[in-house]
Amino acid sequence: MTYRVVQWGTGNVGRHALAGVIANPDLELTGVWVSGPDKEGADAGILAGLDRSVGVAATNDAAAILDARPDCVVYCSMTDNRLPEALEDLRMLLAAGVNVVACAPVFFQYPYGVLPEELLKPVQEAAAQGNSSLWVNGIDPGFANDLLPLALAGTCLRIDQLRCMEIVDYASYDNRAVMVDIMGFGKPLDETPMLLQPGVLSLAWGSVVRQLAAGIGVRLDAVTETYERVPAPESFDIATGHIAEGTAAALRFEVRGMVGDRVVTVLEHVTRLRPDLCPDWPQPAHPEGSYRVELTGDPSYTMDLVTSSPRGDHNFATLLATAMRIVNAVPAVVSAPPGILTALDIPLITAPATRS
């Protein structure tokens with residue numbers, strides 16, 4: 001069966017997703033939605049970074065996208081700084097009967113107990129109206145902290161704590177809105193960026209600790225958050241610009257799922273802009289970074305996942321993996337019952353976009 005697919009957004013993740021859709025013989029690209037006038041009318045092959053045209057021109061006309069009657073939209077628009085607009089995009093697409101796989105908003109990975117009812121209910125109602133499904137995933141939140149840890153959990157007699165970690169050098173991550181405006185790198189330590197405003201970490205990654213708890217059959221009493229920031233010891237430059245001495249250059253945070261006063265599920269990020277910063281913090285399995293699962297129980301496990309690509313560094317590989325996690329899920333999501341899906345609801349996704 002061939003599935004008619006629209007690519008929505010062609011930024012850092014979207015361009016990889018678009019290339020994946022084009023490469024997949026089971027998917028037919030029927031449209032590309034772009035936000036900026038500089039991309040409107042461009043051929044999808046060029047936007048995907050390919051050396052050929054594919055005969056599908058990008059548009060910012062959502063009605064034209066829906067007129068093509070796609071089976072699924074691969075949604076990769078920026079959401080962190082335009083959440084109301086993103087929620088309306090999803091509601092509109094689902095109500096029109098279009099299934100959606102997306103890399104954000106990340107709390108839809110497992111929104112239950114995370115997202116306020118006034119934000120969750122309109123999306124649920126739109127899915128019911130359109131008989132359509134939404135699945136949000138990626139690498140983190142996503143594969144590295146849902147599928148991998150829960151697979152390990154299935155081999156245990158007892159689980160005391162399940163901790164998922166991202167330990168990554170972000171110096172080459174070229175997205176200024178995320179790095180500066182949202183995460184606060186290069187900003188004075190007395191300025192609190194969007195990500196570290198009270199409750200934001202729990203909204204963004206509470207889905208991880210709550211889904212892990214649901215997967216291992218634990219009911220959480222609370223979700224808490226904590227963070228630490230460290231200044232640059234001297235000035236240096238990264239992909240998004242200049243990091244002045246004394247401004248934020250490293251960040252460590254945890255989102256914790258609590259049962260009473262016991263920490264049961266944890267999402268931890270250790271983010272550096274240089275590998276020599278904060279040597280006492282957890283170190284990755286590879287100099288550029290790794291994802292780690294630490295399961296304490298019987299048996300206990302420590303597992304590190306290191307990404308790489310022949311076409312770029314670890315940040316390139318992670319963006320590619322995020323894109324392909326959702327593109328490869330299109331058939332499963334189209335076939336699933338309507339509603340908001342989680343990793344607990346869909347089968348194992350194994351097929352790559354291109355097959356040797």
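**Figure 1. Asn131 in the loop between α5 and β6 of the predicted model.** Asn131 is exposed, with a relative accessible area of 56%. Although Asn131 is not a glycine, its phi is positive, at about 55°. Asn131 follows helix α5 and belongs to the loop that leads from α5 to β6.

**Figure 2. Arg69, a non-glycine residue with positive phi.** The phi of Arg69 is about 50°. Arg69 is placed in the loop between α3 (62-67) and β4. With a relative accessibility of 69%, Arg69 counts as exposed.

**Figure 3. Helix α5 and its buried side.** Helix α5 comprises 14 residues (residues 117-130), and its end C-alpha atoms lie 20 Å apart, in agreement with the 20 Å that should be spanned at 1.5 Å a residue. The buried residues of α5 are Leu120, Val123, Ala126, Ala127 and Gly130. They cover an arc of only 130° around the axis and therefore lie on the same side of α5. The cover over these buried residues includes α4 (83-95), β6 (133-136) and β15 (339-341). On the face turned away from the buried side, α5 carries the exposed residues Glu118, Ala128 and Gln129.

**Figure 4. Helix α1, largely enclosed by the rest of the structure.** Helix α1 runs over residues 14-23, and seven of its ten residues are buried, so the rest of the structure largely encloses it. The buried residues of α1 are Gly14, His16, Ala17, Leu18, Gly20, Val21 and Ile22. Both strands and helices contribute to the cover over them: it includes the strands β1 (3-8), β2 (27-33) and β4 (72-75), together with the helices α2 (44-47) and α9 (314-327).

**Figure 5. Aromatic pairs, including Tyr110 with Tyr112.** The count of aromatic pairs, taken with ring centres within 6.5 Å, comes to six. Tyr110 and Tyr112 form an edge-to-face pair, with 5.4 Å centre to centre and 90° between the planes. Tyr110 counts as buried at 15% relative accessibility, whereas Tyr112, at 31%, counts as partly exposed. The pair of Tyr170 and Tyr173 is tilted, with 5.8 Å between the centres and 50° between the planes. Both Tyr170 and Tyr173 are buried. Elsewhere, Trp8, Trp33 and Tyr75 are linked by ring pairs into a cluster.

**Figure 6. Arg274 over the ring of Phe236.** The charged end of Arg274 sits over the Phe236 ring, at 4.8 Å from the ring centre. Phe236 is also among the residues in contact with Ala249, which is shown in the next view.

**Figure 7. Surroundings of Ala249 in strand β11.** Ala249 lies in β11, which covers residues 248-259. The relative accessibility of Ala249 is 0%, so this residue counts as buried. Apart from its neighbours within four places in sequence, Ala249 is in contact with Phe185, Val230, Pro231, Ala232, Phe236, Ile243, Thr271, Arg272, Leu273 and Leu277. Pro141 is 108 residues from Ala249 in sequence, and their C-alpha atoms are 22 Å apart.

**Figure 8. Surroundings of Leu267 in strand β12.** Leu267 is part of β12, which covers residues 262-272. Leu267 counts as buried, at 0% relative accessibility. Leu267 and Val255 are twelve residues apart in sequence, yet their C-alpha atoms are 5.2 Å apart in space. With residues up to four places away in sequence set aside, Leu267 touches Asp140, Asn145, Cys164, Trp205, Val208, Val209, Phe253, Glu254 and Val255.

**Figure 9. Two cis peptide bonds that precede proline, at Pro105 and at Pro141.** The bond from Ala104 to Pro105 is cis, with omega near 0°. Pro105 lies in the loop between β5 (99-102) and α5. The bond joining Asp140 and Pro141 is likewise cis, with omega at about -5°. Pro141 is placed in the loop between β6 and α6 (147-153). Asp140 is also one of the residues touched by Leu267.

**Figure 10. The region of residues 145-351, annotated as a domain in UniProt.** The unreviewed UniProt entry places the feature "domain: 2,4-diaminopentanoate dehydrogenase C-terminal" at residues 145-351. Over these residues the chain is 24% helix and 33% strand. The end C-alpha atoms of this region are 20 Å apart.

Notes:
Residues are numbered from 1 along each chain as its sequence is written. This is a predicted model: local features need pLDDT of at least 70, side-chain atom pairs count only at pLDDT 80 or more; totals for chains, interfaces and linings use all residues. Side-chain values use heavy atoms; hydrogens and water are left out. Rings of Phe, Tyr and Trp (its six-membered ring) pair if their centres lie within 6.5 Å; planes under 30 degrees apart count as stacked, over 60 as edge-to-face and the rest as tilted. Buried means under 20% relative accessible area, exposed over 50%, partly exposed in between (1.4 Å probe, protein chains only). A charge sits over a ring if NZ of Lys or CZ of Arg is within 6 Å of the ring centre and within 35 degrees of the ring normal. Helices (H or I, at least four residues) and strands (E, at least two) are DSSP runs, numbered from the N terminus. The expected span of a helix is 1.5 Å times one less than its number of residues. The arc is that of the directions from the helix axis to the C-beta atoms. Contact means heavy atoms within 4.5 Å. UniProt positions are given in the numbering used here, feature names are shortened, and annotations may be inferred rather than shown by experiment.
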